[in-house]
Amino acid sequence: MSGTLTLVATPIGNLSDMSQRAIDTLGSVTVVCCEDTRRTGLLLQHLGHSGKKYIVINEHTEHDACEHVVALLLDDIDVALVSDAGTPGISDPGERLVKAALNAGINVSAIPGPSALTMALVISGLPTARFVFEGFLPRSGSDRTRLIDEVATEMRTVVLYEAPHRLEKTLVDLETACGAMRRVVLARELTKLHEEMWRGTLHDAVKYAQTTEPRGEYVVMLEGAKPPAPPTDEEINDALRDELRNGSSKKDAAAKVAAKYGIQKRHVYELALMLK
Ligand code: SAM
């Protein structure tokens, strides 16, 4: 017998978003893992649950705390994991503890609930069927440049988290990489008094960030890149001529050009046969 590790989502602003199951679970466990004992202590006090044992799990402690928490779970003690706000494990601690618990054969469950990622995305008006979540972009250096370049060519909707004091720089960098006219949606202070959705182009978003001192928490969502236009027959013929000059047969040239443009081989081969 071992206890269960339950990841419990908590509100991202509005305390009424706490689900009954989340309240009951936090009431029933002996141990609550959290990022900040003061913040989570206040939440549990508000819910009428006191007398819990708290274990701090944040980016600095998660590694060492895992062993201790897994030992408690193996000792048949139920443990809940919450973060400061939203869903644990989403740009918040949790992933490492979940992995450690699963490796030890412990049952892991979750009480789903608020997350800025899902709320912002579903009301963005951007395509939601396929999307990419990048969390916080690296602050500087080649990792940031590489990720922004990747984001610029990504065809699915991209969701980012950003701190208010970094919003302008991120929007400027995105405009440089994606172009001024790419559509962007900024979700601010979701579920809170000053909840706001801003929709427009990257060019106007930069102006927004420069003229209204950004405050509160933001989710940045970027429209996916347009798929490249299919090549014209003229472009295909030029590419075929290059391949033929390099010694390829018409069949091989057609295969290479079709692969290069990601188009059907049959049409390219027909063009190759017509080339003088
Ligand atoms: N685990 C959380 C979740 O599930 O959404 C995210 C935690 S991450 C450390 C915090 C970031 O989430 C903020 O910087 C902001 O980008 C986003 N965020 C959290 N609450 C938000 C809110 N109410 N409105 C807009 N963005 C929010």
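In this predicted model, an oxygen atom of the ligand lies 2.9 Å from a polar backbone atom of T87. This is one of the polar contacts, meaning pairs of N or O atoms within 3.5 Å. The table includes this pair and two others.

| Ligand atom | Backbone partner | Distance |
|---|---|---|
| oxygen | T87 | 2.9 Å |
| nitrogen | I90 | 2.7 Å |
| nitrogen | L190 | 2.8 Å |

Taken alone, the ligand exposes 560 Å², of which the protein buries 90% (Shrake-Rupley method, 1.4 Å probe).

Around the ligand stand 19 residues, and I90, D92, Y161, L190 and Y218 come nearest; a residue counts as near if one of its heavy atoms lies within 4 Å. By class, this shell has 10 nonpolar, 4 polar and 5 charged residues. Here Asp, Glu, Lys and Arg count as charged, while Gly is among the polar ones. Strand 7 (157–162) and strand 10 (218–222) each supply at least two residues of the shell; strands are DSSP runs (E, at least two residues).

The chain is divided into domain 1 (4–114), domain 2 (117–222) and domain 3 (233–274), with bounds from an automatic or database assignment. Because domain 1 and domain 2 both give residues to the shell, the ligand lies between them. The C-alpha centres of domain 2 and domain 3 are 40 Å apart.

Residues are numbered from 1 along each chain as its sequence is written. Local features of this predicted model need pLDDT of at least 70, side-chain atom pairs count only at pLDDT 80 or more, and totals for chains, interfaces and linings use all residues, while side-chain values use heavy atoms, leaving out hydrogens and water.

Key: A polar contact is a pair of N or O atoms within 3.5 Å; within protein, one must be able to donate a hydrogen and the other to accept it, and residues adjacent in sequence count only if both atoms are side-chain atoms. Helices (H or I, at least four residues) and strands (E, at least two) are DSSP runs, numbered from the N terminus.
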